[in-house]
Amino acid sequence: MADLKINLTDRAIERLPQADRGQYVVRDVELRGFLVVVGAKRKTFTVQGEYWKDGRRHYKKVAIGSVHEMTTRDARVRAKELLAKISRGELQSPPAPPPTSTDVTLREAWARYKLAHLERKERSPATIRGYADHVERMLSDWLDWPLRKLGENPRLAAERHDRITNVSGDAAANGCMRTLRAIYNHARKTARELPADNPTIGVDWNLERRRDTAMGVEDISHWLDQVGRLRHPIRREFHLFTVLSGSRPGALMQARVEDVDFQRRLLHIPRPKGGSKRAFDIPLSRAMMKCLVRAMRVSRSLHPEAAQTWIFAADSASGHMAEHKEKRHRLSKWGNDLRQSYRTLGQAAGLSEIDMHLLMNHSVPGVNAGYITRAKLLSQHLRDAQERLSALILDNDKPDVGSAWPRIPSRRVGNLRFDATPPSP
């Protein structure tokens, strides 16, 4: 059991269950170093302090007495006396083994970080999967190591960083070490006895260059030809909508039918990168609405049951698209390449910096811009900006994208027939 932290009182201690095996520690929230060690048969008041000797930090752990032999108030008084003596170095018998909290393993620290920092703060599933890949795959052989071992040997993290760089590249290695740094810092909040220096202190971080994979105005026509030749109609519409919206692929794959409001011309993204607190609405151009209509119509045809929930339905465990990658010789740009293209083409379309931040759900820079209320711009201003950008991407002098693609029999979802033009605002 992981260490607990409560206000130690007689009643609270009495309610603590005995350990099924081994021991666990319950720390006092008021007096640092005052704790109760709970075993299978007994509960013991204990203090644990630290002192410095020969330039090094040492730890001392002293049992005060059984909880059945003294009250919590008396134990607290005695604890203060012992902690003072330990800090002055007056109890320098051979140091006791590190407390249980310092023996927390990477696996335990990761479980706590995942629950408290990622899931509780509603980070997106894609973000959590990324962290899990770093810990459970790249650092799998360290999972049962005590964090203390990593903190006392920063060379281990530096060597692992070098190895991952050689195998998986600069960005993967940096990302893995950033995850380790975050988990260690989080664990040390409740295990202050861990070495103060983070294990990643010795890492020589790789230089990460921003990817330069965006398309310009001169490239988009060729890409549209490529996407029009894709055999799978749902994936075809997915890639087209990605470049028209600039959306992150992970969030778009999980778009639900109920999130589309054709009347107000909005697509709600409830859990983007950053979690539900960053939820936002994407204003839809007419081209984007037609794209969604085609995607929903063909989803109804190919995956009738899943299409009741998901816009981009698929024959997968989740019911929606789970993978958006394509072979580069078939489609040269996909995923975040299209998000970068959206930003680049937005500049070419003459959209302002602030409009692009709002459309892409980025934080708006500057104090004055912070006063802008995004919702007040959705119905007209941002929708007009989206129309201009869609027009540049699709080039209105050309036939409507999708007009030459294979036709799907008419379907009805809710009150909307998908062979019809989307409703006017």
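A crossover is called right-handed if, with the strands pointing away from the viewer, the path from the first strand over the helix to the second runs clockwise. That wording is handy right at the start of this predicted model, where strand S1 (residues 4-6), helix H1 (residues 10-15) and strand S2 make up a right-handed β-α-β unit.

Before going further into that unit, here is the overall picture. The protein chain has 425 residues, and 48% of them are buried. Its secondary structure adds up to 14 helices and 10 strands. Take the contacts between residues at least 6 apart in sequence: 60% of these join residues at least 24 apart.

Back to the β-α-β unit and its sheet. S1 and S2 run in the parallel sense and are paired over 3 bridges. One of the matches involves Lys-5, whose bridge partner in S2 is Arg-27. Ile-6, for its part, stands opposite Asp-28 of S2. On the other hand, S2 and strand S3 (residues 34-38) are paired in the antiparallel sense, over 4 bridges. Here Tyr-24 finds its bridge partner in Val-38 of S3. S2 and S3 form a hairpin with 5 residues between the strands, and in this hairpin Gly-33 takes a positive phi near 95°.

How covered is S2 itself? Strand S2 covers residues 24-28, and 5 of its 5 residues are buried. Both faces are covered: Tyr-24, Val-26 and Asp-28 are buried on one side, while Val-25 and Arg-27 are buried on the other.

Zooming out, S2 belongs to an open sheet of 5 strands, laid out in the order S1-S2-S3-S4-S5 with mixed pairing. The edges are taken by S1 and strand S5 (56-66), each of which pairs on one side only. The sheet isn't flat in terms of strand directions: neighbouring strands are turned by 30° against each other on average, direction ignored. Helix H2 (residues 72-87) lies across S2, S3, strand S4 (43-53) and S5, and runs at about 20° to S4.

A second sheet turns up further along the chain. This one is open too, with 3 strands in the order S6-S7-S8 and antiparallel pairing. Strand S6 (260-261) and strand S8 (280-283) sit at the edges with a single partner strand each, so one side of each has no neighbour in the sheet. Strand S7 (residues 266-269) pairs with S8 in the antiparallel sense over 4 bridges. One of the matches is between Ile-269 and its bridge partner in S8, Phe-280.

Next come the aromatic rings. A pair of aromatic rings is described by two things, the distance of the centres and the angle of the planes. The structure holds 4 aromatic pairs. In one of them, Tyr-113 and Tyr-131 lie 6.0 Å apart from centre to centre with 40° between the planes, which makes the pair tilted. This pair links distant parts of the chain, with Tyr-113 in helix H3 (residues 106-119) and Tyr-131 in helix H4 (residues 125-138), 18 residues apart. Are these two tyrosines buried or exposed? Tyr-113 is buried because its relative accessible area is 4%, under the 20% cut-off. Tyr-131 has a relative accessible area of 22%, so it counts as partly exposed.

Another of the pairs is made by two tryptophans. The ring centres of Trp-142 and Trp-145 are 5.6 Å apart and the planes meet at 20°, so this pair is stacked. The cut-off behind that label is that planes under 30 degrees apart count as stacked. Trp-142 has a relative accessibility of 2% and therefore counts as buried, whereas Trp-145, at 23%, is partly exposed.

Finally, what about the cysteines? A disulfide is a covalent bond between the sulfur atoms of two cysteines. The cut-off for counting one is a pair of cysteine sulfur atoms within 2.5 Å, and by this rule the count is 0 disulfides. Cys-176 has a relative accessibility of 0%, so it counts as buried. Cys-291 is buried as well, because its relative accessible area is 0%.

Notes:
Residues numbered from 1 in each chain as written. Predicted model: local features only at pLDDT ≥ 70, side-chain atom pairs only at ≥ 80, totals over all residues. Heavy atoms only, no water. Buried < 20%, exposed > 50% of the residue type's maximum accessible area, 1.4 Å probe, protein only. Helix = DSSP H or I, 4+ residues; strand = E, 2+ residues; numbered from the N terminus. Pairing = 2+ DSSP bridges. Axes fitted to C-alpha atoms, helices over the stretch in contact; angles between N-to-C directions. Contact = heavy atoms within 4.5 Å. Phe/Tyr/Trp six-rings, centres within 6.5 Å; stacked < 30°, edge-to-face > 60°.
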